[in-house]
Amino acid sequence: MRFTMKQCAQLLVTMGAACLLQQQAQAAASCDVTVEATDAMTFNTKEIAIPKSCKSFTINLKHTGTMSKNIMGHNLVVSKQADEQGVLQDGSKAGVSKSFVKPQDARVVAATTVIGGGESASTSFNPSQLDAAGSYVFFCSFPGHASMMKGTLKLI
Ligand SMILES: [Cu+2]
């Protein structure tokens with residue numbers, strides 16, 4: 001196959017643009033994510049991917065429902081999978097005033113406050129504190145919610 005001069009020039013431009021786009025995508029590794037929670041006791045995602053290159057990673061939680069935080073409140077808590085049950089039990093005892101997280105719970109990597117419909121909350125942490133060989137989960141610690149509202153974290 002032979003290309004004309006014009007076709008060659010066009011190819012170079014196209015490939016150059018593709019290269020640039022790829023580099024931009026890599027440079028802009030997203031260091032935040034927005035997770036939506038609903039009145040139907042669900043998160044809109046089952047997995048959060050966390051680039052190791054981020055110095056700080058932020059999870060924004062948005063309650064897209066209308067119910068109050070006492071009835072259908074949600075938070076988002078990150079811990080090792082092995083710690084989930086303990087964090088939930090102690091969080092339940094801590095109550096809604098503590099956003100269902102035991103104060104200074106060392107097992108908790110990050111946690112938002114409990115929010116109601118129409119509200120938002122955020123939490124940030126340094127991905128380097130995650131053990132690369134560990135399995136981490138996120139869940140809502142409002143009593144009874146974690147069985148439906150949970151997912152996994154993945155370091156990328
Ligand atoms: Cu919840």
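**Cut-offs applied to a predicted copper-site model**

Me: Why does Glu-47 count as partly exposed?

Reply: The relative accessibility of Glu-47 is 40%, and the class "partly exposed" covers what lies between buried, under 20% relative accessible area, and exposed, over 50%, as found with a 1.4 Å probe on protein chains only; Glu-47 therefore belongs to the class in between. The structure is a predicted model, in which local features need pLDDT of at least 70 and side-chain atom pairs count only at pLDDT 80 or more, whereas totals for chains, interfaces and linings use all residues. Residues are numbered from 1 along each chain as its sequence is written, and side-chain values use heavy atoms, with hydrogens and water left out.

Me: How do you know that Glu-47 forms a salt bridge with Lys-154?

Reply: A salt bridge requires a side-chain nitrogen of Lys or Arg within 4 Å of a carboxyl oxygen of Asp or Glu, and the closest N and O atoms of Glu-47 and Lys-154 are 3.4 Å apart, so the pair meets the criterion. Glu-47 lies in strand S2 (residues 47-50) and Lys-154 in strand S8, 107 residues apart, and the pair thus links distant parts of the chain. Strands here are DSSP runs of E with at least two residues, while helices are runs of H or I with at least four, both numbered from the N terminus. Lys-154, with a relative accessible area of 38%, is partly exposed.

Me: What makes the contact of Glu-84 with Lys-150 a salt bridge?

Reply: The closest N and O atoms of Glu-84 and Lys-150 are 3.1 Å apart, which satisfies the distance criterion for a salt bridge. This pair, too, links distant parts of the chain, with Glu-84 in helix H3 (residues 84-94), Lys-150 in strand S8 and 66 residues separating the two. Glu-84 is called buried because its relative accessible area is 4%, whereas Lys-150, at 28%, counts as partly exposed.

Me: Why is Asp-90 called buried?

Reply: The relative accessible area of Asp-90 is 19%, which falls under the limit for the buried class. The side chains of Lys-102 and Asp-90 meet in a salt bridge, with 3.9 Å from N to O, a value that still fits the definition. Lys-102 is partly exposed, with a relative accessible area of 35%. Asp-90, Lys-93, Lys-102, Asp-105 and Arg-107 are linked in a network of salt bridges, and the structure holds 7 salt bridges.

Me: How do you know that Cys-31 and Cys-54 form a disulfide?

Reply: A disulfide is a pair of cysteine sulfur atoms within 2.5 Å, and the sulfur atoms of Cys-31 and Cys-54 are 2.0 Å apart, so the pair qualifies. The link is left-handed, with -90° about the S-S bond. Cys-31 lies in the loop between helix H1 (5-27) and strand S1 (32-37) and Cys-54 in the loop between S2 and strand S3 (57-63), so the disulfide ties together parts that are 23 residues apart in sequence. Cys-54, at 3% relative accessibility, counts as buried, whereas Cys-31, with a relative accessible area of 25%, is partly exposed.

Me: Which atoms coordinate the copper ion, and what makes them donors?

Reply: The copper ion is coordinated by His-74 (ND1), Cys-140 (SG) and His-145 (ND1), at 2.1 to 2.2 Å. Donors are N, O and S atoms within 2.8 Å of the metal (3.2 Å for Na, K and Ca), so these atoms meet the definition, although the site may look incomplete because water is not among the atoms. The donors follow the spacing H-x65-C-x4-H along the chain. His-74 sits in the loop between helix H2 (69-72) and strand S4 (77-80), and Cys-140, 66 residues away, in the loop between strand S7 (136-139) and strand S8 (150-155). Cys-140 counts as buried, since its relative accessibility is 0%, and His-74 is buried as well.

Me: How do you know that S7 and S8 pair?

Reply: Two strands pair if DSSP finds at least two bridges between them; S7 and S8 have 4 bridges, in the antiparallel sense, and therefore count as paired. Val-137 stands opposite Thr-152 in S8. S4 and S7, which run antiparallel, are likewise joined by 4 bridges, with Val-78 opposite Phe-138 in S7. These strands belong to an open sheet of 5 strands with the order S2-S8-S7-S4-S5 and mixed pairing. Its edge strands are S2 and S5, each of which pairs on one side only.
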